[in-house]
Amino acid sequence: MRLLRLFGRAPASVDRVAGLSRQQAGANMAVVRLRAGLQPIYASLVTAGVALVLWQGGLRVVAGAMTLGALVACLQLFLRFVERGSRIPQLVNSIQRGGVARRRLRPLLAPPLGVRGEPRASSFRTGHVAGINQPAVPHPARSAS
């Protein structure tokens, strides 16, 4: 802070941090709006599914093709399948985020160690790092450029 004051850059730095904070808040609000908007959609789909199971199962119970206990079991099975369905988009999103992060970080990673000549299962020995005495393998992203 003293260094910023010395050079008279405190107002510019405060403005930059404020701008970045507004940008971060906007991004966070977009995520919250998306999640808050998807929850009612998922709830509506599950409710419609329950209504469909009850309607079709009720018709079968009335016709004598299904017992009431079988209808309840069918409804419970349906609910078991769909209760975690809202987490599927989160899983897909986390996989996508991981791929994007890996592509961004790959050029920054150290090249892998070579393991040529290492004894079998040497990586399981305590205190031993497989390939530590071997030359590094060329990094594919760096050698292509």
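## Exercises on a predicted all-helix chain

The secondary structure of the protein chain amounts to 5 helices and 0 strands. The model is predicted.

**Exercise 1.** State the order of the elements from the N terminus on, and identify which of them has the lowest and which the highest mean pLDDT.

*Solution.* Step 1: read from the N terminus, the elements run α-α-α-α-α. Step 2: across the protein chain, pLDDT averages 80, and 83% of the residues score at least 70. Step 3: by element, the lowest mean pLDDT, 54, belongs to α5, while the highest, 90, belongs to α3.

**Exercise 2.** Determine what share of the protein chain is buried, and describe its accessible surface and its contacts.

*Solution.* Step 1: of the 145 residues, 8% are buried, the cut-off being under 20% relative accessible area. Step 2: the accessible surface comes to about 12100 Å², and carbon and sulfur atoms account for 65% of this area. Step 3: take the contacts between residues at least 6 apart in sequence; 41% of these join residues at least 24 apart.

**Exercise 3.** Locate L45, classify it as buried or exposed, and name the patch to which it belongs.

*Solution.* Step 1: L45 lies in helix α2, which spans residues 10–63. Step 2: L45 counts as exposed because its relative accessibility is 57%, and the exposed class begins over 50%. Step 3: together with L34, L38 and I41, L45 forms a nonpolar surface patch. The accessible area of these four residues together is about 370 Å².

**Exercise 4.** For T67 and R116, establish the location, the exposure class, and the C-alpha separation from G57 and A130 respectively.

*Solution.* Step 1: T67 is found in the loop between α2 and α3, the latter covering residues 68–82. Since its relative accessibility is 52%, T67 counts as exposed. Step 2: T67 and G57 are 10 residues apart along the chain, and their C-alpha atoms are separated by 9.1 Å. Step 3: R116 is placed in the loop between α4 (88–105) and α5 (140–144). A relative accessible area of 74% makes R116 exposed. Step 4: R116 and A130 are 14 residues apart in sequence, with 9.4 Å between their C-alpha atoms.

Conventions. Residues are numbered from 1 along each chain as its sequence is written. This is a predicted model: local features need pLDDT of at least 70, side-chain atom pairs count only at pLDDT 80 or more; totals for chains, interfaces and linings use all residues. Side-chain values use heavy atoms; hydrogens and water are left out. Patches are made of residues with over 30% relative accessible area and no salt bridge: like charges are joined within 9 Å, nonpolar side chains (Val, Leu, Ile, Met, Phe, Trp, Tyr) within 5 Å. Accessible areas come from the Shrake-Rupley method with a 1.4 Å probe; for residues, only the protein chains shown count as cover. A salt bridge is a side-chain nitrogen of Lys or Arg within 4 Å of a carboxyl oxygen of Asp or Glu. Helices (H or I, at least four residues) and strands (E, at least two) are DSSP runs, numbered from the N terminus. Buried means under 20% relative accessible area, exposed over 50%, partly exposed in between (1.4 Å probe, protein chains only). Contact means heavy atoms within 4.5 Å. pLDDT is the predictor's confidence in each residue, from 0 to 100.
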